[in-house]
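Hi everyone, thanks for letting me go first. I'd like to walk you through one structure, so let's put it up on the screen.

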Amino acid sequence: MYDCYSRMESKTALVLSAGGMFGAYQAGAWEELSGCFRPDMVIGTSVGALNAWAIAGGCSPADLIHRWMDPSAAAFLQLRVPILPWRACFDHGSFLHHIQELFAVFRPQLPCGVVMIDLLRRRPRLMQSPDIRWEHLAAACAIPLGLPPVRVDGRLYVDGGLLNVAPLWAAREMGAERAVVVNALPRLQSPLVRAVVGVMRSISPLTPEPRDLEVVTITPSVPLGTLWESVRWTRDAVLRSIDRGAADARRALSEIQAGRDPAQPVLQ
């Protein structure tokens, strides 16, 4: 059993990455982290924004895992059948229903940040509670080609993970001096997707990562699955992601306790 780490005066953020259905990995990692880590704020983009909303809203680790294990989680990315080249790949109605249901259940008890991208300006935008609406959660997850952009206050927004898969800059902007990052998508599986994202990043203004932020990163020690598994819910794949997230978080905590991790102060 790990000893609980006490808060220090400086603020620590939990930052959750993009990852589609691999967001279940974050639920497994949070189950382990929650026993010894109390974030001062939770920040996410793409599916990480949904997990961040739930965690900031007081969702217990067990309840978050239950939500991912429930077949209703498939509504997040429900493939249209047949897939046609002139329309979005995922069912928009099912997606919005999932987002609105999640938004209605939770209200942040901790500061929450959601990152999305202004499509025309190609710039990331951070929304913070209490100003977050369900439209912001939807925009943060609006994968180009998979889902249509979301119009918020007259502007179009898309998935925040396109420019920063794990937006550390947002943690610094919200006042954090330290961060624990759970990055479920350290590498894009598809060469085509990597090329599209690369083009997007090359034509967008650079958002530099903060150099003065102390960071612990938890990331998959083995690939979580295929591109297909990242967008399609199956109980076995979700369970594997949860178990891997828990195992990788335990390993990170063990290394910190053993003094092998130079970022040890982050979780103290």
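Let's warm up: where is Ser34 found? Have a look for a moment. Ser34 sits in the loop between helix H1 and strand S2, and that strand covers residues 41-45. Now, is Ser34 buried or exposed? We call a residue buried when its relative accessible area is under 20%. Ser34 comes out at 16%, so Ser34 counts as buried. And its side chain has a partner: one of its polar atoms lies 3.1 Å from the backbone oxygen of Glu31.

Okay, let me step back. What you're looking at is a predicted model, so please keep that in mind. The protein has 9 helices and 8 strands. There are 268 residues in the protein, and 53% of them are buried. Here's another overall number. Take the contacts between residues at least 6 apart in sequence: 77% of those join residues at least 24 apart.

Now to helix H1, residues 23-33. How many of its 11 residues are buried? The count is 10, so we can call H1 mostly covered. Among them are Tyr25, Trp30 and Leu33, along with Gly23 and Glu32.

What do those buried residues pack against? On the strand side, we have S1 (12-16), S7 (178-182) and S8 (214-218). On the helix side, the partners are H2 (47-56), H3 (61-69) and H9 (235-257).

Let's zoom in on H1 and H2. Their axes come within 9 Å and cross at roughly 35°. The crossing of H1 past H2 is right-handed. Which residues meet there? From H1 you have Gly23, Gln26 and Trp30, and from H2 you have Val47, Gly48, Asn51 and Ile55. If you sort that contact by class, you get 3 nonpolar residues, 4 polar ones and no charged ones.

H3 is another partner of H1, so what about its own buried residues? Those are Pro61, Leu64, Ile65, Trp68 and Met69. Seen down the axis of H3, they fall within an arc of 135°, so they line one face of the helix. The buried residues of H3 pack against H1, H2 and H9.

Back to H2 for one residue I like: Trp53, which lies in that helix. At 2% relative accessibility, Trp53 counts as buried, because the cut-off is under 20%. What does Trp53 touch, if we leave aside neighbours within four places in sequence? Trp53 is in contact with Leu102, Phe103, Phe106, Arg107, Pro108, Cys112, Ile132 and Leu137. Take Cys112 from that list: Cys112 is 59 residues away from Trp53 along the chain, yet their C-alpha atoms are separated by 6.6 Å. And Phe106 does something extra, with its backbone oxygen 3.3 Å from a polar atom of the Trp53 side chain.

Last stop: Ser129. You'll find Ser129 in the loop between strand S4 (123-128) and helix H5 (134-140). Its relative accessible area is 22%, so Ser129 is partly exposed. Not counting residues up to four places away in sequence, Ser129 touches Pro108, Leu110, Pro111 and Cys112. Pro108 and Cys112 should ring a bell, since they are on the contact list of Trp53 too. One more distance: the C-alpha atoms of Ser129 and Val114 are separated by 8.6 Å, with their positions 15 residues apart along the chain.

That's my tour. Thanks for listening!

Definitions and conventions: Residues numbered from 1 in each chain as written. Predicted model: local features only at pLDDT ≥ 70, side-chain atom pairs only at ≥ 80, totals over all residues. Heavy atoms only, no water. Buried < 20%, exposed > 50% of the residue type's maximum accessible area, 1.4 Å probe, protein only. Helix = DSSP H or I, 4+ residues; strand = E, 2+ residues; numbered from the N terminus. Contact = heavy atoms within 4.5 Å. Axes fitted to C-alpha atoms, helices over the stretch in contact; angles between N-to-C directions. Left-handed = near helix turned anticlockwise from the far one by under 90°. Nonpolar A, V, L, I, M, F, W, Y, C, P; charged D, E, K, R; others polar. Polar contact = N/O pair within 3.5 Å; in protein donor to acceptor, adjacent residues only side chain to side chain. Arc of directions from axis to C-beta.
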